[in-house]
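Me: Please take a close look at one loop residue in this structure for me. Then carry on from there to other parts worth a look. Keep the sentences short, as I am in my first year.

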Amino acid sequence: MTLVMAEAPKPVSAEAKDTLFAVLVARFGPRFSVGQALREQHANTLTWLKREAPDAVLFAETIEEVSEAVKLCAEARVPVIPFGTGTSLEGHLNAPFGGVSLDLSRMNRILAVHEADLDCVVEPGVTRKQLNDHLRDLGLFFPVDPGADASLGGMAATRASGTNAVRYGTMRDAVLGLTAVLGDGSIVTTGSRARKSAAGYDLTRLLIGSEGTLGIITALTLKLYGIPETILSGVCTFTSIEGACNATIAALQIGLPLARIELADAVQIRACNAYSHLTLPEQPTLFLEFHGSEAGTREQVESFAEIARAEGGGELQWATRQEDRNRLWQARHDAYWAARALRPGAELVTTDVCVPISALAASVSAAHQDIDRLGLLAPIVGHVGDGNFHVMPLIDPADQEERRKVQEFLDRLVERALACGGTCTGEHGIGQGKINYLAAEHGSGVSVMAAIKKALDPLNILNPGKIFALP
């Protein structure tokens with residue numbers, strides 16, 4: 001079947017672009033810039049993808065300003081690329097057709113917290129740490145934690161996940177409703193504060209994970225949770241990567257209520273020890289966390305310790321003090337930067353796949369075998385409680401043979417994930433970097449996605465060149 005892909009936006013003349021920019025600078029003053037350094041900053045890719053800077057950057061401060069800017073860009077047929085904090089990993093921020101990077105970081109107000117209903121309303125530029133700092137004294141927290149201090153609008157746009165997903169779910173589960181600006185500048189509000197609804201199409205879920213290609217998220221209603229009575233964090237080393245994965249599988253199969261369970265292989269532990277000043281044994285390691293009552297968490301710890309021993313695990317090292325727990329998890333969150341430091345001057349290619357939990361051990365082991373066979377330096381970390389793991393090959397970008405080997409590795413990694421019923425990306429998204437894998441995963445479903453894109457953004461000005469392959 002021939003798939004119908006989204007088309008490239010029509011070329012914009014220099015005259016039309018200059019006219020638009022004159023209007024934008026008159027309207028927004030110094031919040032609109034064509035400065036080279038700022039433009040380059042707004043095309044940060046954090047990967048080996050080529051950086052493609054926008055023609056200009058605009059800092060919006062209200063929903064009305066976002067709507068006005070999109071309307072003006074639509075009239076001129078100029079692309080708009082939403083920007084939060086710049087932490088996405090698959091080229092979502094690139095501007096392959098030029099255009100305006102619409103920076104939402106100044107839309108960072110917490111609009112309402114409804115303690116009794118366990119929800120809040122925020123603007124898209126609020127970061128997860130900012131929100132949790134605000135909620136702490138209320139005894140509440142927002143659980144989705146992708147590691148980086150990302151903006152909540154960006155997290156929704158990329159359907160972010162993270163270390164707490166095994167218990168609390170992903171952004172798909174955390175967002176009750178949202179407000180977004182569509183490609184013609186119109187404003188739409190989806191969902192409500194109710195915990196469930198059977199009213200019409202689920203437009204909230206349609207926009208979550210759309211990577212800025214269907215609408216620009218300008219407000220979010222989010223689920224909150226009470227801070228647990230007791231939180232226990234710890235680490236457990238294993239003699240093999242298979243043992244660590246099998247312990248995870250066994251814990252989930254008996255219904256152990258894990259809050260977090262993260263895997264780092266021996267190479268990643270070496271990197272973390274050097275970068276975060278730890279002294280962990282350089283073996284496959286699980287980072288764990290349990291939430292609940294004091295008695296309940298202790299019981300869970302004992303149950304997991306028994307499982308770990310049966311799979312070649314060592315003694316569990318536990319931390320109960322908040323400062324110790326924070327240090328432990330910060331080391332896990334710094335895995336990207338720690339991995340980069342393993343080979344100074346090299347580029348890091350970060351990728352992820354997600355597989356059914358029963359296929360986790362085989363998938364991670366096969367990835368390790370490919371790394372060894374190809375002679376790559378490629379640490380592995382994973383949110384293994386939901387079958388999601390990340391591989392980070394380090395390469396010399398000028399070495400074409402290394403690039404070929406990494407591409408072969410990536411192709412085989414995704415091929416195996418799809419073969420066992422998994423996905424080419426558990427949380428990074430498609431962006432530019434995984435366009436070639438989308439058709440293999442969804443087949444004719446891609447044409448349905450493209451039809452939705454054309455219906456909501458017929459001019460294709462919203463983050464063009466992402467998700468769909470171009471003709």
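Reply: Leucine 118 is partly exposed, because its relative accessibility is 32%, and partly exposed covers the range between 20% and 50%. The model here is a predicted one. Leucine 118 sits in the loop between β5 (110-114) and β6 (119-122). Look at its backbone next. Leucine 118 has a positive phi of about 55°, although it is not a glycine.

Histidine 277 also has a positive phi, of about 60°, and is not a glycine. This histidine belongs to the loop between α10 (266-276) and β14 (285-292). Is histidine 277 buried or exposed? It counts as exposed, at 63% relative accessibility.

Now turn to a nonpolar patch on the surface. Tyr201, Leu203 and Leu206 form it. Together they have about 340 Å² of accessible area. One of them, leucine 203, is in helix α8 (residues 203-207). Leucine 203 counts as partly exposed, at 37% relative accessibility.

Next, go inside. The largest nonpolar core has 55 residues. Which of them touch the most other members? They are Leu286, Phe304, Phe389 and Phe409. Take leucine 286 and set aside residues up to four places away in sequence. Its contacts then include Gly234, Val235, Cys236 and Phe238. Ala244, Ala247, Thr248 and Ile261 are also among the residues that leucine 286 touches. So are Glu262, Leu263, Phe304 and Val384. There is also a second, separate core of 26 residues. Ala160, Met171, Leu207 and Leu220 are among its members.

Go back to one contact of leucine 286, glycine 234. Glycine 234 is in strand β12 (residues 230-237). Its relative accessible area is 0%, so it is buried. Leave aside its neighbours within four places in sequence, and glycine 234 is in contact with Leu286, Phe287 and Leu288, among others. Gln317, Trp318 and Leu328 are also among its contacts. Glycine 234 and arginine 325 are 91 residues apart in sequence. In space, their C-alpha atoms are 7.9 Å apart.

Arginine 325 leads to a helix. Arg325 is one of the buried residues of α12, and so is Leu328. The buried residues of that helix also include Trp329, Ala331, Arg332 and His333. Helix α12 covers residues 322-333, which is 12 residues. From its first C-alpha to its last, α12 reaches 16 Å. That is close to the 16 Å expected at 1.5 Å a residue.

Charged pairs come next. How many salt bridges does a search of the whole structure find? It finds 25. One of them joins the side chains of arginine 31 and glutamate 61, at 3.8 Å from N to O. This pair links distant parts of the chain, 30 residues apart. Arginine 31 is in the loop between α1 (14-28) and β1 (32-33). Glutamate 61 is in the loop between β2 (56-59) and α3 (63-76). Arginine 31 counts as buried, at 16% relative accessibility. Glutamate 61 is partly exposed, with a relative accessible area of 30%.

Aspartate 370 takes part in a salt bridge with arginine 373. Their closest N and O atoms are 3.4 Å apart. Where do these two sit relative to each other in helix α14 (residues 360-374)? They are 3 residues apart, so about one helical turn separates them. Arginine 373 is partly exposed, with a relative accessible area of 47%. Aspartate 370 is buried, with a relative accessible area of 3%.

The side chain of aspartate 370 also meets that of arginine 412 in a salt bridge, at 2.8 Å from N to O. What does this pair tie together? Aspartate 370 lies in helix α14 and arginine 412 in helix α15 (residues 400-419), so the pair ties together parts that are 42 residues apart in sequence. Arginine 412 is partly exposed, with a relative accessible area of 34%. These residues belong to one network, joined by salt bridges that share partners. Its members are Asp370, Arg373, Glu401, Arg404, Glu408, Arg412 and Arg416.

Technical notes. Residues numbered from 1 in each chain as written. Predicted model: local features only at pLDDT ≥ 70, side-chain atom pairs only at ≥ 80, totals over all residues. Heavy atoms only, no water. Helix = DSSP H or I, 4+ residues; strand = E, 2+ residues; numbered from the N terminus. Expected span 1.5 Å × (residues − 1). Buried < 20%, exposed > 50% of the residue type's maximum accessible area, 1.4 Å probe, protein only. Salt bridge = Lys/Arg side-chain N within 4 Å of Asp/Glu carboxyl O. Core = buried A, V, L, I, M, F, W, Y, C linked by side-chain atoms within 4.5 Å. Contact = heavy atoms within 4.5 Å. Patch = residues over 30% accessible without salt bridge, like charges linked within 9 Å, V, L, I, M, F, W, Y side chains within 5 Å. Areas by Shrake-Rupley, 256 points an atom, 1.4 Å probe, with all protein chains shown as cover.
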